[in-house]
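Colleague: Please take me through this entry with questions and short answers. I would like to start with confidence and then go on to the fold.

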Amino acid sequence: MQGVRQSSAMLQDVHFYSKRQMSSVSKVECYVCGKGLMDGHSITAKTLLNDTVLFCDVHYPLQ
Ligand SMILES: [Zn+2]
């Protein structure tokens, strides 16, 4: 059961990321350090409480 919930949350994140990337590429940057795709980082969206925030590959495992 827990595994199913995790994978559906992941699909939501990917969907949000794709939508956001199409509408405003320049806004895709890490919530912590402000670095983004243009700095060579991969960005992952994560939903915390009611907010969706973006993390780079450095800060995503730390939050
Ligand atoms: Zn970062």
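**Confidence and fold**

Colleague: What pLDDT does the protein average, and what percentage of the residues score at least 70?

Modeller: pLDDT is the predictor's confidence in each residue, from 0 to 100. This is a predicted model, in which local features need pLDDT of at least 70, side-chain atom pairs count only at pLDDT 80 or more, and totals for chains, interfaces and linings use all residues. Residues are numbered from 1 along each chain as its sequence is written. The protein has an average pLDDT of 75, and the share of residues that score at least 70 is 59%.

Colleague: Which elements does the protein contain, and in what order do they run from the N terminus?

Modeller: Helices (H or I, at least four residues) and strands (E, at least two) are DSSP runs, numbered from the N terminus. The protein has one helix and two strands. From the N terminus on, their order is α-β-β.

Colleague: Which element has the lowest mean pLDDT, and which the highest?

Modeller: The mean for α1 is 56, the lowest, and the mean for β2 is 91, the highest. Residues 22–26 have a pLDDT below 50, and beyond near neighbours in sequence this stretch has zero contacts in the model (a contact is a pair of C-beta atoms, placed from the backbone, within 7 Å). Where pLDDT is low, the predicted coordinates should not be read in detail. The lowest mean thus belongs to α1 and the highest to β2.

**The hairpin**

Colleague: How many bridges join β1 to β2?

Modeller: Two strands pair if DSSP finds at least two bridges between them. β1 covers 43–48 and β2 covers 51–56. Thr-44 stands opposite Phe-55 in β2, and the partner of Leu-48 is Asp-51. The two strands run antiparallel, and the number of bridges between them is six.

Colleague: Which residue in the hairpin of β1 and β2 takes a positive phi?

Modeller: Most residues other than glycine have a negative phi. The hairpin has two residues between the strands. A phi near 55° is a positive value in a residue other than glycine, and it belongs to Leu-49.

Colleague: Is Leu-49 buried or exposed?

Modeller: A residue is buried if 20 or more other C-beta atoms lie within 10 Å of its own, exposed if 12 or fewer, and partly exposed in between, with C-beta atoms placed from the backbone. Leu-49 sits in the loop between β1 and β2. Because Leu-49 has 6 other C-beta atoms within 10 Å, Leu-49 is exposed.

**The core**

Colleague: Which residues form the largest nonpolar core?

Modeller: A nonpolar core is a set of buried Ala, Val, Leu, Ile, Met, Phe, Trp, Tyr and Cys residues joined through C-beta atoms within 7 Å. Of the 63 residues of the protein, 10% count as buried. The largest core has six residues, namely Cys-30, Ile-43, Ala-45, Leu-54, Phe-55 and Cys-56.

Colleague: Which element supplies the largest share of this core?

Modeller: β1 and β2 each supply at least two residues of the core. The largest share is three residues, and these come from β2.

Colleague: Which residues does Leu-54 touch, leaving out those up to four places away in sequence?

Modeller: Leu-54 is one of the core residues. Val-28 and Glu-29, both on its list, lie in the loop between α1 and β1. Leu-54 touches Val-28, Glu-29, Cys-30, Tyr-31, Ile-43 and Ala-45.

**The loop between α1 and β1**

Colleague: Why does Val-28 count as partly exposed?

Modeller: Val-28 is found in the loop between α1 and β1. Val-28 counts as partly exposed because its number of C-beta neighbours inside 10 Å is 17.

Colleague: What C-alpha to C-alpha distance separates Glu-29 from Cys-56?

Modeller: Glu-29 is partly exposed, with 18 other C-beta atoms within 10 Å. Apart from residues up to four places away, Glu-29 touches Gly-34, Lys-35, Gly-36 and Leu-54. Glu-29 and Cys-56 are 27 residues apart in sequence, and their C-alpha distance is 7.2 Å.

Colleague: Which residues is Val-32 in contact with, leaving aside its neighbours within four places?

Modeller: Val-32 is also found in the loop between α1 and β1. Val-32 counts as partly exposed, with 15 C-beta neighbours inside 10 Å. The contacts of Val-32 are Phe-55 and His-59.

How values were computed: Two residues are in contact if their C-beta atoms, placed from the backbone, lie within 7 Å.
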